[in-house]
Each structure stands twice: as C-alpha cells, then as structure tokens.
Amino acid sequence: MVQLTRIYTKSGDKGKTALGNGTRVPKNSVRVEAYGTVDETNAFIGVARLHADGDIDAMLARIQNDLFDLGADLCTPGDGSDDNPEQPALRITATQTERLEQEIDQINVGLDPLKSFVLPGGSALSAQLHVVRTVSRRAERLIVELAGVEPINPECVRYINRLSDHMFVLARHANNGGKDDILWQPGLTR
C-alpha cells in the first residue's frame, strides 16, 4: 500500500491539471468540467446513501463505483478505439448501462402511474436522489458538449443519460412507491 506523506500536490497551482494520458490542460476545460461534474454526482450519491439501506444502498454503491469508471473514461482522451491493447484505458461499458436499464425496469414495476410532474422532495432519500438526478443531467450536458469537440466513448453519454432516469424512478420508489410524491400543480399560486 502506498502511503502519502502529504495531501497537497502543488502541480495544479498554475491552473492546469493532468489527464489520464499525462496531457496537461486548463482546469476549466470542458473535459475537466465533465468528469468533475461526474465526481460531484458521485458525492451527492454519497449523501443520499446516508438515508438508504438494503438493496437501494447496494444499488447506489455499485453506481458510485461505475461513476469512478466513467470519470476515468472521461479523464482519458479518445473514444477507446485507439487504446493501447496491452494497457487499454478504463472505459465505461454497455454492460454497465444495461444494468441500469434492468434496475430501472425492475423499480418502475412497483411505482404508481404518473399523473403529473413530480416535484423534488417527499422523503429525505427521495429529495437527495432528485439532487443526484439534476446534477447528473448537468454532467450529461457537459459530456455531450465534450463529444461535440473531441472524440469520446459514446457509452459515456448513454450511461449518464440512463443514470438520471434511474435516479428519477429510485426517488419515486423512495417516496413509498410514488404514493408520497409531491406532484406539480400547474398555476397553483396564480
């Protein structure tokens, strides 16, 4: 085990950071913004897990690990097609996205049908999962922006898009299967 003797690096003091391939870029580059927002999404899942247990906590733990994979993928330029076969970069895979889809389908079966848009809130867990959903949508916008200027693994976009869907159905599940959802009432305060 490597033991760190200091917790500061100084290497970023001039506003640049190293990518997974060693290239140094400005800390405000769209690539750094994208994987930084994935990291922020992960941190909010950590907060949500304070209110989760059992299968939901296990599900969120798996997603947190996936998000580190996604961050590593985004941190390493390229779409994976030209990775060194002897030492390929870590890339998010279709299998990880498909697992999210299976979990969405499984959770959705037990939910009350939607009759209106859902407002974030209800239980503490549901409120936190809605925060995760909105932050993951911001990450998705940044990943799509990055994909418009540089090649990336297309599975990154699919995964983060499914993640926000997953957080929506999981937030409803955490609200007593949707029975305790707070529904939008259009024009309520006119």
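In the predicted model, I182 is partly exposed, with a relative accessible area of 36%. This residue belongs to strand β4. Leaving aside neighbours within four places in sequence, the contacts of I182 are with F117, V118, L119, G121 and G122. For one of these partners, F117, the separation from I182 comes to 65 residues in sequence, against a C-alpha to C-alpha distance of 8.7 Å in space.

F117 also takes part in the aromatic pairing of the model. The structure holds 1 aromatic pair. Its members are F117 and W184, whose ring centres lie 5.6 Å apart with the planes at 55°; the pair is therefore classed as tilted, since only angles over 60 degrees would count as edge-to-face. Distant parts of the chain are linked by this pair: F117 stands in the loop between α3 and β3 (118–119), W184 stands in the segment after β4 (182–183), and 67 residues separate them. As to accessibility, F117 has a relative accessible area of 61% and is exposed, whereas W184, at 40%, counts as partly exposed.

The arrangement of the chain as a whole provides the setting for these local features. Its secondary structure amounts to 5 helices and 4 strands, and from the N terminus on the order of the elements is β-β-α-α-α-β-α-α-β. The C-alpha trace spans about 50 × 40 × 35 Å along its principal axes. The chain has 190 residues, of which 40% count as buried. Among contacts in the chain with a separation of 6 or more, 73% are accounted for by residues 24 or more positions apart.

The largest nonpolar core comprises 39 residues, and L70 and L74 are those with the most contacts inside it. Two or more residues are given to this core by each of α1 (30–48), α2, α3, α4 (124–149) and α5. For L70, when residues up to four places away in sequence are not counted, the residues touched are V38, I92, C156, Y159 and I160.

The largest pocket holds about 150 Å³ of space. Its lining consists of D55, I56, M59, Q106, I107, G110, L111, L170, H173 and G177. The elements that contribute two or more residues to this lining are α2 (54–75), α3 (94–109) and α5 (155–174). Of the elements, α2 gives the most, with 3 residues. By residue class, the lining of the largest pocket divides into 5 nonpolar, 4 polar and 1 charged.

Two buried residues illustrate different settings within the fold: D83 is found in the loop between α2 and α3, while S126 is placed in helix α4. D83 has a relative accessible area of 18% and is therefore buried, the limit being under 20%. Apart from residues up to four places away in sequence, D83 touches P88, A89 and R91. Between D83 and N161 the separation is 78 residues in sequence and 24 Å in space, C-alpha to C-alpha. S126 has a relative accessible area of 0% and is likewise buried. With residues up to four places away in sequence not counted, S126 touches G121, A171, A174 and N175. One of these residues, G121, is also in contact with I182.

A backbone feature is found at N176, a residue of the loop between α5 and β4. N176 has a positive phi of about 60° although it is not a glycine. The relative accessibility of N176 is 43%, and the residue therefore counts as partly exposed, a class that lies between the limits of 20% and 50%.

Note on methods:
Residues numbered from 1 in each chain as written. Predicted model: local features only at pLDDT ≥ 70, side-chain atom pairs only at ≥ 80, totals over all residues. Heavy atoms only, no water. 1 Å grid on protein atoms, 1.4 Å probe; cavity = no way out; pocket = protein on both sides within 12 Å on 5 of 7 lines; lining within 4 Å. Points joined across faces, edges and corners; volume = space filled by probe spheres on them. Nonpolar A, V, L, I, M, F, W, Y, C, P; charged D, E, K, R; others polar. Core = buried A, V, L, I, M, F, W, Y, C linked by side-chain atoms within 4.5 Å. Buried < 20%, exposed > 50% of the residue type's maximum accessible area, 1.4 Å probe, protein only. Contact = heavy atoms within 4.5 Å. Phe/Tyr/Trp six-rings, centres within 6.5 Å; stacked < 30°, edge-to-face > 60°.
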